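Biologist: I should be grateful for a close look at one part of this protein, set in the context of the rest of the model. Please begin with a single residue and work outwards.

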Amino acid sequence: MQYALPESIGNPDLLVGREWDFDEFGKWLSRIPECLSKSRVILDRRKSGKTAFVRRIELWSRNGQVVPFYLDIAENPVWYPNFAFHYYQNFASQFIAFLERDEDVVSYPLSLDQIREYGVAKNIKY
């Protein structure tokens, strides 16, 4: 099993009692390729097991049609243009990391120039 997200709460084996959540997310994930599921966000307080939960869903290891995306949002005021930059940089980097199976890019997002270079090299028009 390949874990791209670094663990921040300790041993992920200590995450217990979320069987219902895993079942619901499993159903939701299985319907995504047929466009029958809407986007979801996991919001909770710090150190509540969000990252451990996402790691256990195993999207990275499945290498299927669903691309995992994780964004850590600080608990302080943020200027929207800076948030938009941070969001795009993380989204594009994690998408590239998933395609290339390079988990280092998840922890260390690419610069905008690197993202553009990747797009040009792979002939991605957008």
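What is the relative accessibility of Arg-101?

Modeller: The model is a predicted one, and every value below is computed from it. Arg-101 has a relative accessibility of 26%. Buried residues are those under 20% and exposed residues those over 50%, so Arg-101 counts as partly exposed. Its place in the chain is the loop between H4 and helix H5, the latter covering residues 104–107. The backbone of Arg-101 also deserves attention: its phi is positive, at about 60°, although the residue is not a glycine.

The surroundings of this loop are best read against the overall fold. The protein has 6 helices and 0 strands, and its pattern along the sequence is α-α-α-α-α-α. Of its 126 residues, 28% count as buried.

Helix H4 spans residues 80–100, and several features of the model can be traced along it. His-86 is found in this helix and is partly exposed at 31% relative accessibility. Its C-alpha atom is separated by 9.0 Å from that of Leu-71, a residue 15 positions away along the chain. Leu-99 is likewise found in H4. With a relative accessible area of 42%, Leu-99 is partly exposed. A nonpolar residue must have over 30% relative accessible area to enter a surface patch, and the 42% of Leu-99 therefore satisfies that requirement. The patch in question has an area of about 490 Å² and is made by Leu-99 together with Val-67, Phe-69, Tyr-87, Phe-91 and Phe-95.

Glu-100, also in helix H4, takes part in a salt bridge. Its side chain meets that of Lys-122, with a nitrogen-to-oxygen distance of 3.6 Å. The pair links distant parts of the chain, since Glu-100 belongs to H4 while Lys-122 belongs to the segment after H6, 22 residues away. Side chains of opposite charge can pair when their charged atoms come close. Both partners are partly exposed: Glu-100 has a relative accessibility of 39%, and Lys-122 has one of 45%.

The count of salt bridges in the model comes to 2. The other contact joins the side chains of Glu-24 and Lys-27, at 3.5 Å from N to O. Here the partners are 3 residues apart in helix H1 (residues 19–31), so about one helical turn separates them. Glu-24 is partly exposed at 24% relative accessibility, and Lys-27 is partly exposed with a relative accessible area of 44%.

Helix H4 also contributes to an open space in the model. Rolling a probe the size of a water molecule over the atoms shows where empty space is left. The second largest pocket has a volume of about 320 Å³. The elements that give two or more residues to its lining are helix H4 and helix H6, the latter covering residues 112–121. The largest share of this lining, 6 residues, comes from H6. There are 14 lining residues in total, and those lying nearest the centre of the pocket are Tyr-88, Ile-115, Gly-119, Ile-124 and Tyr-126. By class, the lining has 11 nonpolar residues, 1 polar residue and 2 charged residues.

For the positive phi of Arg-101, a second example is found elsewhere in the chain. Cys-35, again a residue other than glycine, has a phi near 60°. It is found in the loop between H1 and helix H2, which covers residues 50–57. Cys-35 has a relative accessible area of 69% and is therefore exposed, whereas Arg-101, at 26%, is partly exposed. The loop that holds Cys-35 also contains Pro-33, which counts as partly exposed at 37% relative accessibility. Pro-33 and Gln-65 are 32 residues apart in sequence, and their C-alpha atoms are 6.5 Å apart in space.

To return to the part requested, Arg-101 is a partly exposed residue in the loop between H4 and H5. In helix H4, Leu-99 joins a nonpolar surface patch, and Glu-100 meets Lys-122 in a salt bridge. H4 is also one of the elements giving two or more residues to the lining of the second largest pocket.

Methods. Residues are numbered from 1 along each chain as its sequence is written. This is a predicted model: local features need pLDDT of at least 70, side-chain atom pairs count only at pLDDT 80 or more; totals for chains, interfaces and linings use all residues. Side-chain values use heavy atoms; hydrogens and water are left out. On a 1 Å grid over the protein atoms alone, a cavity is a set of points where a 1.4 Å probe fits but cannot get out, and a pocket is an open set with protein on both sides within 12 Å along at least five of seven lines; lining residues have an atom within 4 Å of a point. Grid points are joined across faces, edges and corners, and a volume is the space filled by probe spheres set on the points. Helices (H or I, at least four residues) and strands (E, at least two) are DSSP runs, numbered from the N terminus. Ala, Val, Leu, Ile, Met, Phe, Trp, Tyr, Cys and Pro count as nonpolar, Asp, Glu, Lys and Arg as charged, and the others, Gly among them, as polar. Patches are made of residues with over 30% relative accessible area and no salt bridge: like charges are joined within 9 Å, nonpolar side chains (Val, Leu, Ile, Met, Phe, Trp, Tyr) within 5 Å. Accessible areas come from the Shrake-Rupley method with a 1.4 Å probe; for residues, only the protein chains shown count as cover. A salt bridge is a side-chain nitrogen of Lys or Arg within 4 Å of a carboxyl oxygen of Asp or Glu. Buried means under 20% relative accessible area, exposed over 50%, partly exposed in between (1.4 Å probe, protein chains only).
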